Every structure is written in C-alpha cells, then in structure tokens.
Amino acid sequence: MSGNEQRRDSWSRYWQGGALHSCAGSFEGNYADSIGSFWRGIFEPLKAGDRVLDIATGNGALPRLLLDTRGTAAALPEIDAIDLAAIAPPWYQACGADVRDRLRFHAGVAAEALPFADASFDLVISQYGLEYSDLSNSVAEVLRVLKPGAAVALIVHHAESLPVRLGRAECREIAWLLQSGGLIPRARRLLPFLARLGTPEGAASVQRDPDAAKARQRYNESMRELQQRAAGAAGDFLAETQQALGQLAAATPAAGQRAAETQLQALVEQLEQSLLRQAELVEHALDADAVQKLGQRLAQGDSQRLEITEIHVRDELFGWSLRVGAQ
Ligand SMILES: C[S@@+](CC[C@H](N)C(=O)[O-])C[C@H]1O[C@@H](n2cnc3c(N)ncnc32)[C@H](O)[C@@H]1O
C-alpha cells in the first residue's frame, strides 16, 4: 500500500468506528465551548440557498453542527462535504430526504482535486482538515471554487496545542510498545505458553519449561513498565492497552494460540493505524509563520480580510482559527 492509500485506509477505518470527530476522547458531544461558538458565528449569516463546502469532513461534525444550529432542514444552506476517506456518517443514514436533499457527502475526494465548478461556493469550511492536504494544490482549489469575495473559515492544528502534544506522546508510546524487545513482541512470545495452560498436561509442562519462565518474566517486566508509563500519561490510551493485553492473556488458555495471535495482531494493527494518524497530526500542525502564510495565500495578499486567532478550550490551546473574506 502506498503512503496515501495507507492514510486513506486508516481514516476510513477510524470513521467506520462511528466517532463523530477526531478528538473523540477530548470533547463531550459535538465540539463544545469556543470551537462550537466559533462555528456558530460563522454559520449565522448563511441563508437557505447559499452553498457551503466542508473539506476533510470525516463523519461530518461540522455539517452536523450546522444542522443542529438550524433546527429544520428548510433553513439549511446547500452543503457539500468531502473527504479522502471512505466516509458514510452513521447519523446521516438516519436523516430524512429533506436533509439529504441539501447535504451531500462525497467519499474518496481529495482536497487537491475538488470535483466542483469554478466560483461555486459562498463559504468553504474545514476543521482540522485542510492542513492534512498538500497545501500547494489544495489552496488553489479552494480559491478556484469560491465565488468572488466569498468566505473561508478554518480551524487547524497548532504546533503547540494540547492535541498535538498528546499526539507526540502517543507516537512515542506506540513506538515503545511495538519496538523489538518491547511489550508487544514479548506478549507474542508468551502466547504459546499461555495457550498450553488450557490442559492439565500442558500446564504441567509449562511449569517445567525454563523458556516459559523467561518469557513470563520479560512480559511481566514490560507490563510493570507500561503501568508506570500509564500512571504518568495524560490520556487513557496506555491504560486501555494494558487492559486489552491483560484480557488477552487471561483468555488465551481457553481461546487457544491461534485465536490469541489473531487478537494480538488486531491490536497491533490498531496501534499502527493510530500511530499513522497521530504522526500525521503532528506533522501537519502549523506554527505561527506557517499559519500566517496559509492565511495570506487564502486572503490573496491583502485583497481579503484575514483574522487569525488561537483557540482555547477550558484553558488549553486547541488550535488556530482563520477567517478570510466576507463576514
Ligand atoms: C482530523 S480529521 C478531521 C475530520 C473532521 N473535519 C472533524 O473535525 O472531525 C482529518 C481528515 O482529513 C482527511 N484528509 C486527509 N488528507 C486529505 C486530503 N488530501 N483531502 C481530503 N481529505 C483529507 C482524513 O481522511 C480525515 O478524515
């Protein structure tokens, strides 16, 4: 799989899990606090019939917020929402024809090649999305599909924000879990011995096996280290991994070696996908210079009004907000 296909696959799986947005553990409901107020302010002037494009929509957190703020489908503008991933937001499947007539999701569409005519949209929005694309092409595409003088509103990752710091930490921890001689390889080595505990003869042979004792000792050492790392960590991710491994080890004598290996492999794939998404988040976060450059390009120098601010949620830095053009 190429890097792009891996990225698409990883996000597709993430959204198929049903999360409404990509900070699933960090927010209650659909983007509360200052992020929600930012968007409500952006949505307020929209009229029925206006056209809005949401770039890198995921499971449609922004269209959902727009629908919630409008109350009725009749008051909705026309919304097109695109994403590179194979998205099919579960909440959208349950919407009536009145909503579906005005809101359309387009899966497998890259921000770098938008399938819309020039000068189509009154507003282009994106939340933690546009910065993931190749900006040298996607910014030109945004400018192409905007009507003259129309607006752009974005929330993008900030290089020093909480999600980016958590992302960096998660990348380090996943690398530690997967490294050769790390906890996951040690768990894999222990599984055949745990599987033998399923019969009395197997259990007796494991008791006498020095390789089993060595494998158990190494696994326990790494589990103790995981516990310490989890205690000092900000998110739940390490504690969840610890719990998943503990449950796997406990279930292996009854489940057998093959089933346990399959389950461990599923956990490894989940970790690798998470690593990919978190590494991308860190890589695409913008510092003050980069966000200024992005804003200037979208504002085409000084020809449009440009406003860039830091977004804080409950005293934590969560990103940059950019507003370009009318409003
Ligand atoms: C952090 S998620 C944000 C999703 C959503 N806007 C939200 O706020 O929940 C980033 C999204 O960008 C999408 N993405 C990455 N590169 C893209 C590209 N070049 N074109 C379109 N979407 C892209 C991913 O598939 C993923 O769904």
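**Exercise 1.** Is Arg297 buried, partly exposed or exposed?

Solution. Begin with the cut-offs: a residue is buried if 20 or more other C-beta atoms lie within 10 Å of its own, exposed if 12 or fewer, and partly exposed in between, with C-beta atoms placed from the backbone. Arg297 has 16 other C-beta atoms within 10 Å, so Arg297 is partly exposed. Next, place the residue: Arg297 belongs to helix H13 (residues 288-298), where helices (H or I, at least four residues) and strands (E, at least two) are DSSP runs numbered from the N terminus. Last, take a distance: the C-alpha atoms of Arg297 and Ala140 are 8.8 Å apart in space, with the two positions 157 residues apart in sequence.

Two conventions apply throughout. Residues are numbered from 1 along each chain as its sequence is written. The model is predicted, and local features need pLDDT of at least 70, side-chain atom pairs count only at pLDDT 80 or more, while totals for chains, interfaces and linings use all residues.

**Exercise 2.** State the confidence of the model and locate a stretch where the pLDDT is below 50.

Solution. pLDDT is the predictor's confidence in each residue, from 0 to 100. The protein chain averages a pLDDT of 92, and 96% of the residues score at least 70. Over residues 24-30 the value is below 50, and this stretch has 8 contacts in the model beyond near neighbours in sequence. Two residues are in contact if their C-beta atoms, placed from the backbone, lie within 7 Å.

**Exercise 3.** Describe the overall layout of the protein chain.

Solution. Count the elements: 13 helices and 7 strands. Then take the extent: the C-alpha trace spans about 80 × 45 × 35 Å along its principal axes. Of the 327 residues, 35% are buried. Among contacts with a separation of 6 or more, 78% link residues 24 or more positions apart.

**Exercise 4.** Give the domains and characterise the side of domain 1 that touches domain 2.

Solution. The bounds come from an automatic or database domain assignment. Domain 1 covers 3-161 + 285-324, and domain 2 covers 164-280. Their centres, taken over C-alpha atoms, are 37 Å apart. Contacts join 14 residues of domain 1 to 8 residues of domain 2. On the domain 1 side these are 5 nonpolar, 6 polar and 3 charged residues. Here Ala, Val, Leu, Ile, Met, Phe, Trp, Tyr, Cys and Pro count as nonpolar, Asp, Glu, Lys and Arg as charged, and the others, Gly among them, as polar.

**Exercise 5.** Which residues come nearest to the ligand?

Solution. The shell is set by distance: a residue is near a molecule if its C-beta atom, placed from the backbone, lies within 6 Å of it. Of the 18 residues around the ligand, Trp11, His21, Ala56, Gly58 and Ser133 come nearest. By class, the shell holds 9 nonpolar, 7 polar and 2 charged residues. Now look at Ala56, which sits in the loop between strand S1 (51-55) and helix H3 (61-70). Its phi is near 60 degrees, a positive value in a residue other than glycine. Ala56 counts as buried because it has 25 C-beta neighbours inside 10 Å.

**Exercise 6.** Identify the largest nonpolar core and the strand with the largest share of it.

Solution. A nonpolar core is a set of buried Ala, Val, Leu, Ile, Met, Phe, Trp, Tyr and Cys residues joined through C-beta atoms within 7 Å. The largest one has 59 residues, and Phe121, Leu123, Val124, Val152, Ala153 and Val156 have the most contacts inside it. Strand S5 (residues 146-156) supplies the largest share, 8 residues. Another core, of 20 residues, lies apart from it and includes Ile184, Phe193, Ala215 and Ala260. Returning to Phe121, its contacts beyond four places in sequence are Arg51, Val52, Leu53, Val145, Leu146, Lys147 and Ala150.

**Exercise 7.** Trace the surroundings of Gly319 and of Tyr128.

Solution. Gly319 is part of strand S7 (residues 316-324). With 28 C-beta neighbours inside 10 Å, Gly319 is buried. Leaving aside neighbours within four places in sequence, Gly319 contacts Tyr128, Ile155, Val156, His157, His158, Ser161 and Ile311. Tyr128, one of these contacts, lies in the loop between strand S4 (121-127) and helix H6 (135-145). Tyr128 has a positive phi near 45 degrees and is buried, with 23 C-beta neighbours inside 10 Å.
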